[in-house]
Amino acid sequence: DNFEFRIRNLPYPLSTYDVKVTDDGKITIRTSNKKYFKKISLPDMDRLNIKLNQNDLKISHANNTLLICYKKSPAILQHEQTVFSKLRSLPPAGSGDGPGDCSQQ
């Protein structure tokens with residue numbers, strides 16, 4: 001699984017883009033022609049205090065869209081599984097005798 005970012009309307013070839021992981025824990029995108037600059041943060045990684053690694057970063061370009069993929073760490077995948085299992089154990093909204101339960105008259 002990956003974190004995936006799509007940035008549209010970037011017509012330059014792939015060789016124009018410099019995508020790096022910075023020391024402050026963000027992904028920085030810049031072009032060699034100085035036409036585009038962007039910093040992207042990954043709140044899930046920040047929340048678990050996991051440092052970003054340049055080797056987990058993959059980029060591609062097609063149809064004027066820059067695609068940036070960052071591989072999820074095993075700690076993130078484990079955290080997602082824990083959250084999803086807790087959500088599955090909750091009763092669905094509207095089931096029961098709560099204020100959302102409307103009876104026909």
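**Close-up views of a predicted model**

**View A. The salt bridge between K39 and D24.** With a relative accessible area of 45%, D24 is partly exposed, and in this predicted model it takes part in a salt bridge with K39, in which the closest N and O atoms are 3.6 Å apart. The pair links distant parts of the chain, since K39 belongs to strand β4 while D24 sits in the loop between β2 and β3, 15 residues apart. K39 is likewise partly exposed, its relative accessible area being 43%, which falls between the 20% and 50% that bound this class. Side chains of opposite charge can pair when their charged atoms come close.

**View B. The open sheet that contains β2, β3 and β4.** Three strands make up this sheet in the order β2-β3-β4, with antiparallel pairing. Because β2 and β4 stand at the edges, each with a single partner strand, one side of each is left without a neighbour in the sheet. From one strand to the next, the twist averages 15 degrees. Strand β2 (residues 17-21) and strand β3 (residues 26-31) run antiparallel and are joined by five bridges, and within this pairing I29 in β3 is the bridge partner of V19. Five bridges also join β3 to strand β4 (residues 37-41), again in an antiparallel arrangement; here R30 has F37 of β4 as its bridge partner, and K26 has S41 of β4.

**View C. The two faces of strand β2.** In a regular strand the side chains alternate between the two faces of the sheet. On β2, the residues Y17, V19 and V21 make up the covered face, whereas D18 and K20 make up the uncovered one.

**View D. The hairpins on either side of β3.** In the hairpin of β2 and β3, four residues lie between the strands, and G25 takes a positive phi near 80 degrees. In the hairpin of β3 and β4 there are five residues between the strands, and the residue with a positive phi, near 65 degrees, is K34.

**View E. The open sheet that contains β1, β6 and β5.** The strands of this sheet, three in number, follow the order β1-β6-β5, and their pairing is antiparallel. Its edge strands are β1 (2-8) and β5 (57-62), each of which pairs on one side only. The twist averages 15 degrees from one strand to the next. Between β5 and strand β6 (residues 65-71) there are six bridges in the antiparallel sense, and L57 stands opposite Y70 in β6.

**View F. The surroundings of F5 in strand β1.** F5 and I40 are 35 residues apart in sequence, yet their C-alpha atoms are 9.0 Å apart in space. When neighbours within four places in sequence are left aside, F5 is in contact with I40, S41 and L42, and also with L66, L67 and I68.

**View G. The buried residue S73 in the loop between β6 and α2.** S73 has a relative accessible area of 15% and therefore counts as buried, a class that requires a value under 20%. Apart from its neighbours within four places in sequence, S73 is in contact with M45 and I50.

**View H. The salt bridges of R6 with E4 and of D44 with R47.** The structure holds four salt bridges, among them the two described in this legend. R6 and E4 form one of them, their closest N and O atoms being 2.9 Å apart, and E4, at 45% relative accessibility, counts as partly exposed. D44 and R47 form another, with 2.7 Å between the closest N and O atoms. Because these two residues are three residues apart in helix α1 (residues 43-47), they are separated by about one helical turn. D44 is partly exposed, with a relative accessible area of 28%, whereas R47 counts as exposed at 55% relative accessibility.

**View I. The nonpolar surface patch made by V83, F84, L87 and L90.** Together these residues make a patch of about 360 Å². L90 is found in the segment after α2, and at 52% relative accessibility L90 counts as exposed, since that class takes in values over 50%.

Conventions: Residues numbered from 1 in each chain as written. Predicted model: local features only at pLDDT ≥ 70, side-chain atom pairs only at ≥ 80, totals over all residues. Heavy atoms only, no water. Pairing = 2+ DSSP bridges. Axes fitted to C-alpha atoms, helices over the stretch in contact; angles between N-to-C directions. Buried < 20%, exposed > 50% of the residue type's maximum accessible area, 1.4 Å probe, protein only. Contact = heavy atoms within 4.5 Å. Patch = residues over 30% accessible without salt bridge, like charges linked within 9 Å, V, L, I, M, F, W, Y side chains within 5 Å. Areas by Shrake-Rupley, 256 points an atom, 1.4 Å probe, with all protein chains shown as cover. Salt bridge = Lys/Arg side-chain N within 4 Å of Asp/Glu carboxyl O.
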